[in-house]
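Let's take a walk through this structure together, one contact region at a time. Here it is to look at first.

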Amino acid sequence: MAMPEKLTDTLDALSMVSDRGERIQLLIDTAGRFREVPPSLAQRPFGEEHRVPACESEAYVFSQERPDGSLDYYFAVENPQGISAKAMAVILGEALSGAPPEQVAEVPQDIVYQVFGRELSMGKSMGLMGIVGMVSALAKRQSDAKRA
Amino acid sequence: MSEIESRGYVRPEVLVSTDWVASHLNDPGIRIVESNEDPLLYSSGHIPGAVEVDWTRDLNDQVRRDYLGREGFEALMRRIGVTKDTTVIFYGDKNNWWATYALWVFQLFGHDKAKIMDGGRIKWVNEGRELSKDTPSYPASDYKAADRDDKRIRAFRDQVLQHVEAKKPLVDVRSPDEYTGKKLHMPEYPNEGALRGGHIPGAASVPWAKAINPEDGTFKTAEELRALYEKEAKIKPEDDVIVYCRIGERSSHTWFVLTNLLGYNKVRNYDGSWTEWGNLVGVPIER
């Protein structure tokens with residue numbers, strides 16, 4: 001299944017940035033756009049069912065259904081130093097919100113390497129992949145519900 | 001007596017406070033080095049004058065699973081303008097987890113003039129101290145490195161196997177769920193990079209972060225650390241100890257604590273750790 005169009009565009013744009021320093025700055029700027037899940041949708045303490053397994057930045061993922069059946073994705077990152085988690089959350093939120101859930105459900109977790117490069121620690125990559133996986137799982141649930 | 005000295009460490013001089021660092025920012029005999037897990041943190045703002053040493057790009061061999069060799073270390077030290085006389089002050093994210101890892105690698109090459117900034121990056125940030133986005137540049141040094149010494153503070157799998165057979169002490173510093181192998185089998189948890197879960201037989205479980213005060217990231221006092229390692233884990237300063245985790249990064253933190261803060265004489269870090277042991281054919285595993 002095709003990747004959601006906006007995500008493809010985002011990854012293509014990132015792939016054009018070959019200079020490591022420029023890419024890092026781009027991702028830092030991206031993280032600067034992070035907005036936490038609105039209180040109307042979730043408040044602390046966030047439910048464990050929303051917590052991303054293996055993410056040491058203590059990230060949470062939430063979703064809200066749109067009238068057309070697609071989802072908006074929201075995030076919280078409790079670690080104040082979790083700048084990569086915030087950048088990943090912004091990319092996923094901007095690129096996947098409103099996309100067909102069946103497409104989002106198939107987004108591979110290893111896109112984190114397309115975003116951050118191969119220089120991630122195992123722990124860091126697992127945490128970031130966990131965020132992608134959590135978003136995909138929410139989309140799969142929505143996709144299955146639509147089909148039922 | 002400084003606050004750090006009052007904590008009763010065997011080698012208190014291996015730690016410096018954030019105050020001390022703030023007053024040595026322009027000291028030519030000091031090189032401040034930030035080492036993080038998060039690849040974006042340094043560029044988002046660092047201690048003024050600090051250089052970055054990245055564990056994947058700077059400390060690892062880019063082909064084999066191993067650390068850089070003598071020439072690579074020499075090039076790194078020359079690039080960041082460090083001489084044999086320079087004292088390197090490490091700090092970083094995750095309560096200095098990666099900073100102690102970098103310090104451990106530096107010690108493989110005998111650069112013993114190295115200290116850790118107590119509390120790491122988060123303490124500096126939480127104290128509202130200055131951060132800079134400028135990447136500093138220093139004149140290249142003519143550093144001549146020694147060959148890497150893998151005997152003193154590093155352990156390999158065959159040595160670990162002999163260690164197990166001799167029933168000598170090991171410390172597993174991973175989380176309790178990794179220690180028991182539970183994590184490897186929990187649905188939705190990613191594979192930890194190993195085919196089998198559990199721990200090396202005989203290893204005591206002391207998660208690395210227990211050595212840290214969670215409120216500010218500083219190291220616990222010597223008395224608290226002794227309670228943790230000597231009373232709970234039953235190891236002693238005269239023991240021959242091997243520490244391990246998943247790839248040797250968290251266990252370098254425990255290596256630092258046991259060696260420098262508690263003065264243990266022989267502690268080796270098994271950097272192959274669980275990603276090697278949990279994939280080896282035929283080695284014993286406990287759950």
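## A residue and its surroundings

In this predicted model, B:Ile242 touches B:Ala155, B:Val160, B:His163, B:Leu170, B:Arg268 and B:Tyr270, once neighbours within four places in sequence are set aside. You will find B:Ile242 in strand E9 of chain B, which covers residues 240-244. Is B:Ile242 buried or exposed? B:Ile242 has 25 other C-beta atoms within 10 Å, and because the cut-off for a buried residue is 20 or more, B:Ile242 counts as buried. One of its partners, B:His163, is 79 residues away from B:Ile242 in sequence, yet their C-alpha atoms are 8.2 Å apart in space.

## Two domains in chain B

Zooming out, chain B is assigned domain 1, residues 5-126, and domain 2, residues 154-277. Their C-alpha centres are separated by 22 Å. Where the domains meet, 22 residues of domain 1 of chain B are in contact with 21 residues of domain 2 of chain B. On the domain 1 side, helix H5 (93-108) and H6 of chain B are the elements giving two or more residues. H5(B) provides the largest share of that side, with 9 residues.

## Where chain B meets chain A

Now for the contact between the chains: 18 residues of chain B are in contact with 21 residues of chain A. Which helices of chain B each supply at least two residues to the side that touches chain A? They are H2 (41-44), H3 (55-59) and H6 (120-126) of chain B. H2(B) gives the most to this side, with 3 residues.

The table sets out the residue classes for the two contact sides of chain B described above.

| Contact side | Nonpolar | Polar | Charged |
|---|---|---|---|
| Side of chain B that touches chain A | 7 residues | 4 residues | 7 residues |
| Side of domain 1 of chain B that touches domain 2 of chain B | 12 residues | 6 residues | 4 residues |

## A helix pair in chain A

Finally, have a look at chain A, where helix H1 (residues 5-15) packs with helix H3 (residues 83-96) at an angle of about 135°, their axes being 7 Å apart. H1(A) and H3(A) are therefore oblique to each other. On H1(A), the contact is made by A:Lys6, A:Leu7 and A:Thr10, and on H3(A) by A:Ile91, A:Ala95 and A:Leu96. By class, the residues of this contact are 4 nonpolar, 1 polar and 1 charged.

Technical notes
Residues numbered from 1 in each chain as written. Chains lettered and ligands numbered in written order. Predicted model: local features only at pLDDT ≥ 70, side-chain atom pairs only at ≥ 80, totals over all residues. Axes fitted to C-alpha atoms, helices over the stretch in contact; angles between N-to-C directions. Helix = DSSP H or I, 4+ residues; strand = E, 2+ residues; numbered from the N terminus. Parallel < 35°, antiparallel > 145°, perpendicular 65-115°, else oblique. Contact = placed C-beta atoms within 7 Å. Nonpolar A, V, L, I, M, F, W, Y, C, P; charged D, E, K, R; others polar. Domains from an automatic or database assignment. Buried ≥ 20, exposed ≤ 12 C-beta atoms within 10 Å, placed from the backbone.
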